[in-house]
Number of protein chains: 2
Amino acid sequence: MLKLPPSLSRLINELSKLPGIGPKSAQRLAFYLLKKDNVEIMTLSESVKDIRKDINFCDECHNMAEQNPCSVCADSSRNHQLICVVEEPLDALALDRTGSFKGVFHVLGGVLSPIDGVGAEQLQIASLIDRVAKLNVQEIIVATNPTLEGETTAMHIAKLLKDSPVKITRIARGLPMGGDLEYADEVTLSRALEGRREF
Amino acid sequence: MLKLPPSLSRLINELSKLPGIGPKSAQRLAFYLLKKDNVEIMTLSESVKDIRKDINFCDECHNMAEQNPCSVCADSSRNHQLICVVEEPLDALALDRTGSFKGVFHVLGGVLSPIDGVGAEQLQIASLIDRVAKLNVQEIIVATNPTLEGETTAMHIAKLLKDSPVKITRIARGLPMGGDLEYADEVTLSRALEGRREF
């Protein structure tokens with residue numbers, strides 16, 4: 001019976017634990033790496049090892065950053081009265097890349113998900129309420145994902161802040177650019193109709 | 001402008017060099033790893049680093065193996081007069097897993113591909129001819145992939161061995177199990193017709 005060398009089996013096993021990588025893709029990746037020279041292999045190995053090396057978290061917005069406070073919170077040209085609440089650092093990054101948001105962020109670090117044991121105390125929700133109370137925040141844009149958990153989290157935040165004078169908005173749900181009405185699901189279409197705007 | 005910490009950007013950059021992993025998947029993988037504990041991260045890093053640690057090549061069949069000669073070539077219960085020629089170690093592994101092949105393998109290490117600068121001298125073709133001449137080989141099953149390069153390589157090998165008494169066969173091309181006639185391409189269908197067999 002033919003068997004792969006243990007070092008290779010081990011790498012295939014480790015790679016197949018990653019999300020979206022099944023045993024076949026893991027095999028393919030391992031054999032791809034095997035053909036690379038040692039420098040490239042070491043660079044990948046080192047960069048996995050050093051993943052946390054220079055990662056800090058901003059005490060203000062809880063985003064992942066090089067410094068504390070982060071470049072956005074430290075930037076006085078941004079509107080600190082406008083806070084965009086997101087689930088994860090990548091969401092903040094995606095919104096920031098659009099160039100159309102000039103406020104600051106607040107990273108929750110996840111969403112309410114009782115099934116995974118994630119309650120409000122595991123998220124940066126209390127610090128958001130503090131931030132709103134302490135600073136003169138005008139508007140909070142809740143930009144959690146349009147999923148069941150994202151919507152629940154958005155509603156929870158809205159409920160907690162309903163007695164404060166801050167304006168709470170939710171990012172628009174509707175058809176994505178390039179999308180197709182014919183293939184859109186009912187909820188998306190209902191939201192697109194609800195959210196319609198005059199030309 | 002929001003920026004990812006350099007260690008994270010570097011990992012994303014390294015991961016996105018892997019085949020089938022684009023910048024978005026690389027981001028997702030990096031953030032997934034970031035949430036894992038240090039032990040898991042170190043295990044992955046080490047297994048990438050050690051990929052070549054215990055890999056040898058069998059001098060007989062040129063397959064990747066733990067020992068030299070490999071477990072298949074060292075197994076006297078296998079038919080050493082029947083050689084199955086494959087492109088890569090994974091192909092040999094896949095064929096061996098079927099349990100229906102009791103001969104030995106010969107791993108070419110690739111296919112003829114002039115566009116990538118791969119000629120016959122970069123492959124284990126000369127050693128195959130030697131092996132056939134030296135040992136009393138009865139049959140060679142050419143099991144290169146049914147791609148343009150695989151077919152060319154198969155034909156090249158058949159041509160080199162046409163004056164030797166060895167029987168040269170090619171694995172069957174046809175419809176895969178679970179396949180659908182309606183969606184099969186013309187070449188596959190033609191091959192399936194050509195290769196028809198009596199019940």
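How many aromatic pairs does the structure hold over all chains? The count comes to two. Keep in mind as we go that this is a predicted model.

Let's take those pairs one at a time. In chain A, the partners are Phe101(A) and Phe105(A), with ring centres 5.1 Å apart. Their planes meet at 50°, and since stacked needs under 30 degrees and edge-to-face needs over 60, the pair is classed as tilted. Both rings belong to buried residues: Phe101(A) has a relative accessible area of 10%, and Phe105(A) sits at 1%. The cut-off for buried is under 20%, so Phe101(A) at 10% makes it.

Chain B has its own pair, made by Phe101(B) and Phe105(B), and it is tilted as well, with 5.1 Å from centre to centre and 50° between the planes. Here Phe101(B) is buried at 10% relative accessible area, and Phe105(B) is buried at 1%.

How do the two chains relate? Start with the general picture: two copies of a chain are related by a rotation about an axis and a shift along it. In this model, chain B lands on chain A after a rotation of 180° with 0.0 Å of shift along the axis, and the RMSD is 0.1 Å. That is why the two copies can be described as related by a two-fold rotation axis. If you want to find that axis from chain B, look for Ser45(B): its C-alpha is 2.2 Å away, and no residue of chain B comes closer. The contact also uses the same surface on both copies, as 100% of the contact residues of chain B recur in chain A.

Now for the contact itself. Chain B puts in 59 residues and chain A puts in 59 residues. Together the chains bury about 5,700 Å², with 66% of that on carbon and sulfur atoms. On the chain B side, Leu2(B), Ile51(B) and Arg52(B) supply 13% of the area buried against chain A, more than any other three residues.

Next, step inside chain A and look at its sheet. Four strands make an open sheet in the order S4-S3-S5-S6, with parallel pairing. The edges are strand S4 (103-107) and strand S6 (167-170) of chain A, each of which pairs on one side only. On average, neighbouring strands of this sheet are turned by 25° against each other, ignoring direction. Zoom in on strand S5 (residues 139-142) of chain A and you'll see four bridges joining it to S6(A), with the two running parallel. Across from Ile140(A), you'll find Ile168(A) in S6(A).

A helix goes with this sheet too. Helix H5 (residues 126-134) of chain A lies across strand S3 (79-86), S4 and S5 of chain A, and it runs at about 150° to S4(A).

To finish, hop over to helix H5 (residues 126-134) of chain B, which is where Leu128(B) has its place. Is Leu128(B) buried or exposed? With 0% relative accessibility, Leu128(B) counts as buried. Setting aside neighbours within four places in sequence, Leu128(B) is in contact with Ile83(B), Val85(B), His106(B), Ile140(B) and Ile157(B). Take Ile157(B) from that list: Leu128(B) and Ile157(B) are 29 residues apart in sequence, yet their C-alpha atoms are 9.0 Å apart in space.

Key
Residues are numbered from 1 along each chain as its sequence is written. Chains are lettered from A and ligands numbered from 1 in the order in which they are written. This is a predicted model: local features need pLDDT of at least 70, side-chain atom pairs count only at pLDDT 80 or more; totals for chains, interfaces and linings use all residues. Side-chain values use heavy atoms; hydrogens and water are left out. Two strands pair if DSSP finds at least two bridges between them. Axes are lines fitted to C-alpha atoms, for helices over the stretch in contact, and angles run from 0 to 180 degrees between N-to-C directions. Contact means heavy atoms within 4.5 Å. Rings of Phe, Tyr and Trp (its six-membered ring) pair if their centres lie within 6.5 Å; planes under 30 degrees apart count as stacked, over 60 as edge-to-face and the rest as tilted. Buried means under 20% relative accessible area, exposed over 50%, partly exposed in between (1.4 Å probe, protein chains only). Copies are superposed by least squares on the C-alpha atoms of residues with pLDDT of at least 70 in both. Buried area is the accessible area (1.4 Å probe) that two parts lose on being put together, summed over both.
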